[in-house]
Amino acid sequence: MGWLVGGVLVVLFFIVAIIVIGVVAFFLLRRRGASKTGAAKLPSPAYSPVAGAEAARSAPSQHSAASIPKPATPAPVAAAPVPGDMTIDLSRTVAIRPDGDTAGLNYGAIKFVSGALAGQQFEIKADGAFIGRDSSVSQIIVADPRISKRHVWIGVRDGKVVIADQGSRNGTFVNDPKSQRVTETALNSGDTVILGESDVARFEYLG
C-alpha cells in the first residue's frame, strides 16, 4: 500500500506542476500582447499650424528667382536689302504663259455613236489625232475597209476644234451624209461627224 500511495502522490504532483506552468505561461503571453497593443495605440504628435508655418518659412524656397533661367534674347535678324530700294507691288504681278502653250486647256472629246467603235470616247488633244483603219498611220482605229488608212484629222487650230479630211476615198461629212464632203471645218458642240458616204461610222463632238 505504501508504494501505491507514493505513486499517486507523484502523479498528482506532476499534474499540479503542469497546471501551474500553464497558468503562468498564459498570464505572461496575455501581458505581452497587452503591452504591444498599448504601444500601437500611442497618439501621434499633433500637427501644429504655427509650427508648420515656421518650418515652411525657415526652409529655402525651391522656386527662387535666382534658380529660374532667363529667356535668351533672340538675335536681331537683318532684313535683306532690296536693290536700289525698289518697291514691289504684288497686286500688279501677273502669271506669264508662253505663247502657244495649250497644255492645260480642255478641248472636249469625241464619242462614237455607231460603227466599230460605238460607245467609245476619246479626248481631243491640241496636237490632234488621225482617224483611219491603219494603226501605223492613225491613232484612232476604225477597222472597216470602207475607211481610208488615214481618213480624217481632228485637232485644234486657232483655238477651235477642227476636222480635216485626208483625201479619203469615201469622204467625211458633218451632220448629214447627203451634204457636201468636208475638206476642213470647225466643229460646234453637238456636231456629228460621219465617215464615208455609206455612213460607216459616226462620232459626236462633245465640246
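Biologist: Which residues form one aromatic cluster, and how should I read the ring pairs behind it?

Modeller: Rings of Phe, Tyr and Trp (its six-membered ring) pair if their centres lie within 6.5 Å, and the planes make a pair stacked when under 30 degrees apart, edge-to-face when over 60 and tilted otherwise. By this rule the count comes to three aromatic pairs. In one of them, the ring centres of phenylalanine 112 and phenylalanine 122 are 6.0 Å apart with the planes at 85°, so this pair is edge-to-face. It links distant parts of the chain, since phenylalanine 112 belongs to strand E1 (residues 109–114) and phenylalanine 122 to strand E2 (residues 121–123), ten residues apart. Another pair, which is tilted, joins phenylalanine 112 to phenylalanine 203, with 5.3 Å from centre to centre and 55° between the planes. Here the link runs from strand E1 to phenylalanine 203 in strand E10 (residues 201–206), 91 residues along the chain. Phe112, Phe122 and Phe203 thus make up one aromatic cluster.

Biologist: Before we go on, what kind of model is this, and how are its residues numbered?

Modeller: This is a predicted model, in which local features need pLDDT of at least 70 and side-chain atom pairs count only at pLDDT 80 or more, while totals for chains, interfaces and linings use all residues. Residues are numbered from 1 along each chain as its sequence is written, and side-chain values use heavy atoms, with hydrogens and water left out.

Biologist: Is phenylalanine 112 buried or exposed?

Modeller: A residue is buried under 20% relative accessible area, exposed over 50% and partly exposed in between (1.4 Å probe, protein chains only). Phenylalanine 112 counts as buried because its relative accessibility is 1%, and phenylalanine 203 is buried as well. Phenylalanine 122, with a relative accessible area of 23%, is partly exposed. Of the 207 residues of the protein chain, 23% count as buried.

Biologist: How many helices and strands are there, and how do I follow them along the chain?

Modeller: Helices (H or I, at least four residues) and strands (E, at least two) are DSSP runs, numbered from the N terminus. The protein chain has two helices and ten strands, and read along the sequence it follows the pattern α-α-β-β-β-β-β-β-β-β-β-β.

Biologist: Which strands does E5 pair with, and what should I look for there?

Modeller: Two strands pair if DSSP finds at least two bridges between them. E5 (residues 152–157) is largely enclosed by the rest of the structure, because five of its six residues are buried. Strand E3 (residues 129–132) runs antiparallel to E5 and is joined to it by three bridges, with phenylalanine 130 standing opposite tryptophan 153 in E5. Strand E6 (residues 160–165) also pairs with E5 in the antiparallel sense, over six bridges, and there valine 162 is the bridge partner of glycine 155. The hairpin of E5 and E6 has two residues between the strands, and in it aspartate 158 takes a positive phi near 55°.

Biologist: What sits over the ring of phenylalanine 130?

Modeller: A charge sits over a ring if NZ of Lys or CZ of Arg is within 6 Å of the ring centre and within 35 degrees of the ring normal. In this case the charged end of arginine 150 lies over the ring of phenylalanine 130, 4.0 Å from its centre.

Biologist: How many salt bridges does a search of the whole structure find?

Modeller: A salt bridge is a side-chain nitrogen of Lys or Arg within 4 Å of a carboxyl oxygen of Asp or Glu. The search finds four. Among them, glutamate 184 meets arginine 157, with the closest N and O atoms 2.7 Å apart. This pair links distant parts of the chain, with glutamate 184 in strand E8 (residues 184–186) and arginine 157 in strand E5, 27 residues apart. Glutamate 184 counts as partly exposed at 46% relative accessibility, and arginine 157 counts as partly exposed at 36%. Another salt bridge joins the side chains of glutamate 197 and arginine 181 (3.2 Å, N to O). Aspartate 199 and arginine 202 also meet in a salt bridge (2.9 Å, N to O).
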